[in-house]
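Reader: I am in my first year and still learning to read structures. Please pick one part of this one and take me through it closely.

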Amino acid sequence: MASSSRLAGLVTLALALACTLPAASRAQLQLGFYNTSCPNAETLVRQAVASAFASNPGIAAGLIRLHFHDCFVNGCDASVLLFSPNGTAERDSPPNFPSLRGFEVVDAAKAAIERSCPRTVSCADILAFAARDSVNLTGNVLYQVPAGRRDGNVSNFADAFTLPGPNLTAAELVGNFSLKNMTAEEMVVLSGSHTIGRSHCASFLFKNRERLANGTISPAYQALLAALCPPTTGQLTLVTTEIDVSTPTVLDNNYYKLLQLNLGLHFSDDQLVRDATLVPFVNAFAANETLWKERFVAAMIKMGNIEVLTGNRGEIRLNCSAVNPRSSSMSSSSDGLIETIFPVADGEVSAS
Ligand code: HEM
């Protein structure tokens, strides 16, 4: 549990970071962006997250991952929330389906916000707030999130394959994050999210048979996982296990301690202790939870700035799972950068 002075320190750090990010990555996001236009926006998100968390604590992990998967594909623009009647959206793609969860929490928050201040708060900001609230509920860490993101109108099945997968090597993980201007250390820091949440058998079982052969997974742990998962596991197998076997509902630094004991669940998790440049980060975070939480908050805020749409770009979606009907668009893309290729509700594909 972080002390109140530590929490105050984290908040100060977050504020300082928001002010010192380079202009290009800051992209005009602001703390208190809705203070005047929708003062209760963050409270309403928090209430929706807290209510969902009360009946299903696992939803916090789902919301943190939802924000990550949003930001790493076309930037933090809520593209991951768009629904396609044909199953051709980002969220239908194997890196996201069937594992991604928390959509209904975002919808509940959006519905409450629309009742209070219509057409004002973007779905991308709701996602960023919901992820922050999830960190607070599971890790007792408070921080402020700069806002002002606007929602995109492109969602492609194929784009989700650029997300880092659980079979990537250390070098591939570092390379994947560097494409988003995130450092190797930030990759290790954010992987610490795997201290909460679950994973499906298809995400770890096959690769872990290799790890058993080369001695990079505890044999007892692999035996437990093999007994849990159906032998002919496929992508659609719904059997899951907790990623952190020790404290699966608490956002703490146990993830790093487990890695040191060959108890990382995914091949990608284990890679963090197989690479000489990454293992010092793992050791530092395993030894010092406060250090990890400080770096985690900073990295979450930085991730939330990836390729954001601000100003007149994008739109404020009325419904987080659909682009606005043309007649009700708050503002269309003025620079022509955004092409609407997402199939709209009746199945047609519209192009702006
Ligand atoms: C470094 C590269 C990463 C890889 C390869 C990776 C891979 C995965 C995989 C395979 C799962 C389990 C999916 C399933 O089968 O259900 C998962 C779950 C999760 N990931 Fe990651 N991840 C990475 C980074 C991140 C980052 C940066 C975050 C957050 C900032 C994150 C947050 C989570 C959370 C919270 C879960 C649990 C989700 C739930 O319980 O619904 N991951 N990740």
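Author: What follows is a close look at helix H4 and its surroundings, and then at a few other places in the chain. Keep one thing in mind: this is a predicted model.

Start with the whole chain. It has 352 residues, and 53% of them are buried. It holds 14 helices and two strands. Take the contacts in the chain with a separation of 6 or more. Of these, 76% are between residues 24 or more positions apart.

Now go to H4. This helix covers residues 59–71, and helix H5 covers residues 103–116. Their axes come within 9 Å of each other. They cross at roughly 85°. H4 is therefore roughly perpendicular to H5, since angles of 65 to 115 degrees count that way.

Which residues of H4 and H5 meet? From H4 come Ile59, Leu63 and Leu66. From H5 come Phe103, Glu104, Val105 and Val106. Sort the residues of this contact by kind. Six are nonpolar, none is polar and one is charged.

Stay with Leu66. Set aside the residues up to four places away in sequence. Leu66 then touches Phe103 and Val106. Its partners also include Val80, Leu81 and Leu100. Arg101, Gly102 and Leu127 complete the list.

Leu66 also belongs to something wider. The largest nonpolar core has 77 residues, and Leu66 is among those with the most contacts inside it. Leu81, Ile113, Tyr256, Leu272, Met300 and Met303 are the others named with it. Helix H6, residues 123–139, gives the most to this core, with nine residues. Another core lies apart from the largest one. That other core has eleven residues, among them Ile217, Cys229, Leu258 and Leu263. There is a general pattern to remember here. In soluble globular proteins, nonpolar side chains tend to be buried together.

Move along H4 to another residue. Asp70 is found in this helix too. Is Asp70 buried or exposed? Its relative accessibility is 0%, so Asp70 counts as buried. The cut-off for buried is under 20%. What does Asp70 touch, leaving out residues up to four places away in sequence? The list is Gly75, Cys76, Asp77, Ala78, Ser79, Val80 and Leu127. Two of these names, Val80 and Leu127, are also on the list for Leu66. Asp70 also has a distant partner in sequence. Gly304 is 234 residues away along the chain. In space, the two C-alpha atoms are 9.2 Å apart.

Next, look at the loop between H4 and H5. Pro98 lies there. A cis peptide bond joins Phe97 to Pro98, with omega of about 10°.

Now leave this region and turn to the metal. Which protein residue is a donor to the iron atom of the ligand? The only one is His194, through its NE2 atom, at 2.1 Å. His194 sits in the loop between helix H8, residues 184–191, and strand E1, residues 198–200.

On the other side of H8 is a loop that also deserves a look. Asn181 is found in the loop between helix H7, residues 170–178, and H8. Asn181 is not a glycine, yet its phi is positive, about 65°. Its relative accessible area is 55%, so Asn181 is exposed. Beyond its neighbours within four places in sequence, Asn181 is in contact with Glu186 and Lys302. Asn181 and Ile306 are 125 residues apart in sequence, but 8.3 Å apart from C-alpha to C-alpha.

Asn262 is a second asparagine to compare. Its phi is also positive, about 60°, and it is not a glycine either. Asn262 lies in the loop between helix H11, residues 254–260, and helix H12, residues 267–271. With a relative accessible area of 21%, Asn262 is partly exposed.

Finish in the segment after helix H14, which covers residues 289–303. Gly311 has its place in that segment. At 51% relative accessibility, Gly311 counts as exposed. Its C-alpha atom is 9.6 Å from that of Leu29, although the two residues are 282 apart along the chain.

Note on methods
Residues are numbered from 1 along each chain as its sequence is written. This is a predicted model: local features need pLDDT of at least 70, side-chain atom pairs count only at pLDDT 80 or more; totals for chains, interfaces and linings use all residues. Side-chain values use heavy atoms; hydrogens and water are left out. Donors are N, O and S atoms within 2.8 Å of the metal (3.2 Å for Na, K and Ca); water is not among the atoms, so sites may look incomplete. Helices (H or I, at least four residues) and strands (E, at least two) are DSSP runs, numbered from the N terminus. A nonpolar core is a set of buried Ala, Val, Leu, Ile, Met, Phe, Trp, Tyr and Cys residues joined through side-chain atoms within 4.5 Å. Buried means under 20% relative accessible area, exposed over 50%, partly exposed in between (1.4 Å probe, protein chains only). Contact means heavy atoms within 4.5 Å. Axes are lines fitted to C-alpha atoms, for helices over the stretch in contact, and angles run from 0 to 180 degrees between N-to-C directions. Angles under 35 degrees count as roughly parallel, over 145 as roughly antiparallel, 65 to 115 as roughly perpendicular and the rest as oblique. Ala, Val, Leu, Ile, Met, Phe, Trp, Tyr, Cys and Pro count as nonpolar, Asp, Glu, Lys and Arg as charged, and the others, Gly among them, as polar.
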